[in-house]
Amino acid sequence: MRIEIAKEVFESYPNYRRYVVLAKGVDNSGADEELERMLREREQAVRSCENLSNYKEHPRILAWRKVFEDMNLNPNRFPPSIANLVKRVKSGKDLPFVNKLVCIFNIVSLKYIVPCGGDDLDVVKGTLLLGRAAGDETYRHLGKPQEIENPVPGEIILYDTGTKDVFCRGWCWKNGDSSKIMPETKNVAINIDAMIDVVPQEEHQRAAFEVAELVKSKCGGEVDVWLLSPEKRWLDIEF
């Protein structure tokens with residue numbers, strides 16, 4: 001299986017980098033009180049952070065809002081995942097504990113103010129590609145797979161080239177239903193995205209390895225960390 005970022009993505013956004021944490025043979029079942037405590041602590045930190053009082057203007061969120069505008073997606077109507085996460089937390093709402101992996105995504109997203117999400121690799125039939133949409137790909141809404149739509153041509157999406165099934169619309173806007181992380185998920189690719197003009201490379205790396213350490217300690221399995229960049233746009237993996 002190949003995980004790849006299309007050349008044109010880096011041509012349009014040369015400051016973009018993606019860390020991929022590959023986790024194989026994990027145990028994502030059950031609750032975890034320590035993870036939930038960590039999540040509540042991060043929520044409180046966000047609520048008390050003065051730099052997030054006007055969260056839309058935070059440099060790490062503003063960078064993604066500009067990207068969405070470039071894709072002709074209104075970032076107010078289609079907010080980047082990290083913007084939506086911060087907005088929800090600052091409104092006073094606690095994030096639900098969905099499962100261990102999703103909780104880890106949310107902890108790290110809130111700590112570093114970066115998009116972090118993942119996909120179940122066992123459903124992938126072709127190459128898992130981050131690239132521009134042709135417009136004929138199929139997106140199934142998370143939790144409502146009967147609701148189907150097509151991405152906007154030119155929109156950056158994460159999709160399976162074997163099925164044209166969209167795993168994430170709007171780069172880091174909203175995950176699809178097909179690759180959602182479930183308690184029974186065993187093999188997963190976790191993405192930590194950053195624009196390195198606003199997120200220092202060493203901090204981006206630290207976020208990725210923090211994800212890896214939490215996955216290893218809480219879910220077990222075999223965990224590896226990879227950086228996708230203009231110099232190395234893909235990685236090939238085996239199960």
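**Exercise 1. Determine how many cavities of 30 Å³ or more the model holds, and describe the largest cavity.**

Solution. The count gives one cavity of 30 Å³ or more, a cavity being a set of points on a 1 Å grid over the protein atoms alone where a 1.4 Å probe fits but cannot get out. The model is predicted: local features need pLDDT of at least 70, side-chain atom pairs count only at pLDDT 80 or more, and totals for chains, interfaces and linings use all residues. Residues are numbered from 1 along each chain as its sequence is written, and side-chain values use heavy atoms, without hydrogens and water.

Next, the volume (the space filled by probe spheres set on the points, which are joined across faces, edges and corners) of the largest cavity is about 30 Å³. Its lining residues (an atom within 4 Å of a point) include Arg60, Trp64, Asp193 and Met195. By class, nine are nonpolar (Ala, Val, Leu, Ile, Met, Phe, Trp, Tyr, Cys and Pro), none polar (the others, Gly among them) and two charged (Asp, Glu, Lys and Arg).

**Exercise 2. Describe how helix H4 (residues 81-90) and helix H5 (residues 100-112) cross.**

Solution. The axes (lines fitted to C-alpha atoms over the stretch in contact, with angles from 0 to 180 degrees between N-to-C directions) of H4 and H5 come within 10 Å and cross at roughly 90°. H4 is therefore roughly perpendicular to H5, a term for angles of 65 to 115 degrees. Finally, the contact (heavy atoms within 4.5 Å) joins Ile82, Leu85, Val86 and Val89 of H4 to Asn106, Ser109 and Leu110 of H5.

Note on methods
1 Å grid on protein atoms, 1.4 Å probe; cavity = no way out; pocket = protein on both sides within 12 Å on 5 of 7 lines; lining within 4 Å. Helix = DSSP H or I, 4+ residues; strand = E, 2+ residues; numbered from the N terminus. Parallel < 35°, antiparallel > 145°, perpendicular 65-115°, else oblique.
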